[in-house]
4 protein chains.
Amino acid sequence: MTERVGFVGLGRMGAPIAENILNAGSALRVYNRTASKTDPLVSKGAERASSPADAVTPGGIVVSMIADDAAMLAVTEGPDGILSRLGPGGVHVAMSTLSPALAERLAKAHREKGARYVAAPVFGRPDAAAARKLWACVAGDKDAVSRVRPLLEATSQGVFDIGVEPQAANVVKLGGNFLIAAAMEAMAEAFTLAEKNGVPRERMAEVIGKTLFACPIYQGYGAAIAAHRYVPPGFALPLGLKDVTLALDTATRSRTPMPLAHLVQQRLVSALAHGRADLDWAVLALGASEDAAAPMPDRAVKP
Amino acid sequence: MTERVGFVGLGRMGAPIAENILNAGSALRVYNRTASKTDPLVSKGAERASSPADAVTPGGIVVSMIADDAAMLAVTEGPDGILSRLGPGGVHVAMSTLSPALAERLAKAHREKGARYVAAPVFGRPDAAAARKLWACVAGDKDAVSRVRPLLEATSQGVFDIGVEPQAANVVKLGGNFLIAAAMEAMAEAFTLAEKNGVPRERMAEVIGKTLFACPIYQGYGAAIAAHRYVPPGFALPLGLKDVTLALDTATRSRTPMPLAHLVQQRLVSALAHGRADLDWAVLALGASEDAAAPMPDRAVKP
Amino acid sequence: MTERVGFVGLGRMGAPIAENILNAGSALRVYNRTASKTDPLVSKGAERASSPADAVTPGGIVVSMIADDAAMLAVTEGPDGILSRLGPGGVHVAMSTLSPALAERLAKAHREKGARYVAAPVFGRPDAAAARKLWACVAGDKDAVSRVRPLLEATSQGVFDIGVEPQAANVVKLGGNFLIAAAMEAMAEAFTLAEKNGVPRERMAEVIGKTLFACPIYQGYGAAIAAHRYVPPGFALPLGLKDVTLALDTATRSRTPMPLAHLVQQRLVSALAHGRADLDWAVLALGASEDAAAPMPDRAVKP
Amino acid sequence: MTERVGFVGLGRMGAPIAENILNAGSALRVYNRTASKTDPLVSKGAERASSPADAVTPGGIVVSMIADDAAMLAVTEGPDGILSRLGPGGVHVAMSTLSPALAERLAKAHREKGARYVAAPVFGRPDAAAARKLWACVAGDKDAVSRVRPLLEATSQGVFDIGVEPQAANVVKLGGNFLIAAAMEAMAEAFTLAEKNGVPRERMAEVIGKTLFACPIYQGYGAAIAAHRYVPPGFALPLGLKDVTLALDTATRSRTPMPLAHLVQQRLVSALAHGRADLDWAVLALGASEDAAAPMPDRAVKP
């Protein structure tokens, strides 16, 4: 793996992923809007690019990790955007959580230039990225996927192939994030029921985390929700709302009623209305406590 | 563990549990309303009792595994019921899923006779019971719990102590079953979203079962829901509805709004309305498919 | 209308109804658990009875207005209950809001004694009862209904015949109360949306009350909800919760999922959890304000 | 009222409104994308315009009735759009149901040109428009509102002033349409409960329409929903979904959880999934019947 790779977007997730790719032996050319964030990678041997286009090698591979649909559109199709330089044979691997509708649009735009758009959103937080423990869902043209798979493996503990339509990988990612939110709401209700009937929240969390639900989501979020511990924000509330809203938009477009997704979306909206934007998205769990007039942590109520 | 133990209720769960206790070395005296169900245990050395009371040794231990609150009340407080004979020093271990309100009432009734009521509901299906792989939640008087713990360990892979109020164990059990139903609804929505957007249900189930939710509930029910496979009924729909309804009753009594519990209850009610009573309770997942006009298996629609 | 009529239950609704019947020319024999409540009617010519049975003329008409199923059962089937004396040809008109299941049971019990049970629940508050402006829904044996219709007309502005099965009238009554609660929740959400977007709640209430929804429920409750005015309790929160819960129980028994009924039930439960039991049931509207972190009246939050 | 007025958008609502304005004595210059729709008005004396801009008299009044946000943006800000010619002193009265966010944007765009944007969405269907029985909600600059009020009165039975911010009128309109949808869902559940318990749907509709809810929405939609009569589409399903979705978007932007709005949105989405796009939006009521496995009309299921 000695090909030179472009990398655009060095935020909390992008930075450790780029470093993993660099460590795996690729030459790396990196761009970030706030240029100072490229310093650590440059000090390790990466080249600094002056624009998204400048990070691209025509016909090469470029990876992006961009916050949302609007920014992604600008970085890709805007002036000095990735598409202005990628050209025939190039592959753009998009690792962030974007709407399937945008993926479909970008896939078409890339094909028209002879390039390929591969969606490869990942499950995991920054610490998992640093530890090369992400899970990647990849979808797109088969040859393109084969070419970029080593990059994904350099930063993941597993890579799942979702097919040839890029947007399919985004659907899986949005579905997965919805499942996490749903599990949090379920625990919030169950723990509140326990609490109101004489069983400590922590005990309830422990029992289910050791038996029926012995998996990281229930154990990690379960402990946080039991203790009403919503700082530091491993995944901040507004990002969670963004993803659930993307899932609901996709649901509405595809005529898929999802009552549970609506419920968690409202929990997240209510948490924002209460000024909890700088807390972890698990703070949606306070909704169940409020409804039941159960004890609430002072900090979470007025952060 | 050589004490003689009474056992009342040899249904699909009770029979393997009683056998485990017998195999662990206790003398067993068993009662079942349909007497023929006692035959296998009698052939292995158990004694046959002619009534719940007849299964009881005054001052001894009696275990019950009875379908619902009404039957439990009859078996315990009715004529020839357990309480008519248990007496001072006796301990009644109730292993079925009952309402916390009934547990509280029975605990009081036992105390008034100098006996103790221990709630020890279990997670797991008949095959887990046979394999001694249940999880038990136990609550009640400390000495009583100590005395019966070996019986629970004889049939479980783990025993969780929930405190001195018997009803607390029932709350944990109801909360746990609610969490299972909630996970099923979440998967039903996520898989339908996937399906309507070009991702096979089975692929979605596989990805989440191998990554975020690598635990038996998501893997087992996930595969069933992905394939719309609701036979044989490991846990039949009416039993599932009974448990979720008990959870909601407990929620209403304790002033705990649980919107997600309401949602799954309605899915179960709708499934009953469609004549699916002889299917597994995972059939609640068809609700999401119906709402979205997604493909439905013929068999499940008209069983 | 000169027949002597028994009347059992002189609460806030029963007292004005009984007075209307007395004013219409019937001889009246009245019973109430707290005997002093019979004084006003006795001073106007009614006779005082010492028990429900004592209010009954065998073969005659007896009217009951009793708070809930449990009390109704005691007054009817208990010792010195109505059924102990009513006998062949007698007609029992039940005007309170009871479960259809109880109506069905009581209808059978009356038939077995040669008597008839007529359900005649009414819409309207005490002031409407005093003004003879109730709406009655009546159901039961045709001859029995014909016989008691003048009594209902003496206290109502309209009488609707719902058929020969008494419980049908209770279903209509529960459905009607559910519709009121649903309208309150809808207004609570719409007014909060208005408020958060710069439109005064009162203006929103006024516009819809003068146009699309020019009817008393939207106008009366609309003004109260717009102003967050929940005292005095025209219909107290616990009574509202009782009725919605009866509707949901009837729904579950008849396999009828009612998501909106579940939603309003949870709003009522949440209001109880917040200690609002002595407020009008329209206080369910605070749920929408709380979710949105919209301004809340001090009084309603901590009554 | 002799001022010349421009009118853009002669659809099912626009045509009768324009005719009312013409009949009230204004000179009218009309534009419609499909030019033939202007014929009836031209035959009655209106002038035909060749573009939105061409319908405008600089500094004059122009009325628009345009289907949705995207089309409205094109007609107003696009080439040959209203704003290209309206100029200082001009007033644009927008009578369609648009998002508050768009109203806010257009109000600013008009102010920047010295013109004024007045929002005046109306309640009522085409037959009410023809009969001059609409209800208008108007908001915007006071002088501008005064100037256009006679036009609104020429087509309405009542005009409500919602203040100086145009988007406020759109909020009231969206809130009102949400309330209609909520009432339909409530009736659908109540009628299904009645039906499953032996009370004919029509009887339930009649009782509530004559008593608690003696207003057009409950009487008109109530009769339709009771009979499952969803043709002809007085207000087609996709338009209803558009409006409820606009309400939800506004709710999310303003941090206002609206669980009942989510519920009706899902009913509408489910109806679309079942291919009912050409039916009246009251067809959302079939959701409650489907959930309960209650009888469904063949025609509605497969229109």
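**Exercise 1. Work out how chain C meets chain D: how many residues are in contact, and which elements supply them?**

Step 1. Start with the count: 54 residues of chain C are in contact with 53 residues of chain D, where contact means that the C-beta atoms, placed from the backbone, lie within 7 Å. Keep in mind that this is a predicted model, in which local features need pLDDT of at least 70, side-chain atom pairs count only at pLDDT 80 or more, and totals for chains, interfaces and linings use all residues. Residues are numbered from 1 along each chain as its sequence is written, and chains are lettered from A and ligands numbered from 1 in the order in which they are written.

Step 2. Now look for the elements. On the side of chain C that touches chain D, two or more residues each come from β8 (134–139), β9 (156–163), α8 (166–196), α9 (201–210), α11 (237–253) and α12 (259–273) of chain C. Helices (H or I, at least four residues) and strands (E, at least two) are DSSP runs, numbered from the N terminus. The largest share, 18 residues, belongs to α8(C).

Step 3. Sort that side by class: 36 nonpolar, 10 polar and 8 charged residues. Here Ala, Val, Leu, Ile, Met, Phe, Trp, Tyr, Cys and Pro count as nonpolar, Asp, Glu, Lys and Arg as charged, and the others, Gly among them, as polar.

**Exercise 2. Find the operation that superposes chain C on chain D.**

Step 1. A rotation of 180° with 0.0 Å of shift along its axis does the job, with an RMSD of 0.0 Å. The fit is by least squares on the C-alpha atoms of residues with pLDDT of at least 70 in both copies.

Step 2. The two copies are therefore related as by a two-fold rotation axis. Cys215(C) is the residue of chain C that comes closest to this axis, its C-alpha at 2.7 Å.

Step 3. Check the surfaces: 98% of the interface residues of chain C are also interface residues in chain D, so the copies meet through the same surface.

**Exercise 3. Lay out the open sheet of chain D. What is its strand order, and which strands are at the edges?**

Step 1. Read off the order: 6 strands run β3-β2-β1-β4-β5-β6 (chain D), with parallel pairing. Two strands pair if DSSP finds at least two bridges between them.

Step 2. Go to the edges, which are β3 (47–48) and β6 (116–119) of chain D, each pairing on one side only. β2 (residues 27–31) of chain D pairs with β3(D) in the parallel sense over 2 bridges, and Arg29(D) stands opposite Glu47(D) in β3(D).

Step 3. Add a helix: α7 (residues 142–153) of chain D lies across β1 (4–8), β4 (61–64), β5 (91–94) and β6 of chain D, at about 55° to β5(D). Axes are lines fitted to C-alpha atoms, for helices over the stretch in contact, and angles run from 0 to 180 degrees between N-to-C directions.

**Exercise 4. Track down some backbone oddities. Where do Pro232(C) and Arg255(A) lie?**

Step 1. Recall the background: most residues other than glycine have a negative phi, and most peptide bonds are trans.

Step 2. In chain C, a cis peptide bond joins Val231(C) and Pro232(C), with omega about -10°. Pro232(C) sits in the loop between α10 (216–226) and α11 of chain C.

Step 3. Arg255(A) isn't a glycine, yet has a positive phi of about 55°. Look for Arg255(A) in the loop between α11 (237–253) and α12 (259–273) of chain A.

Note on methods
Two residues are in contact if their C-beta atoms, placed from the backbone, lie within 7 Å.
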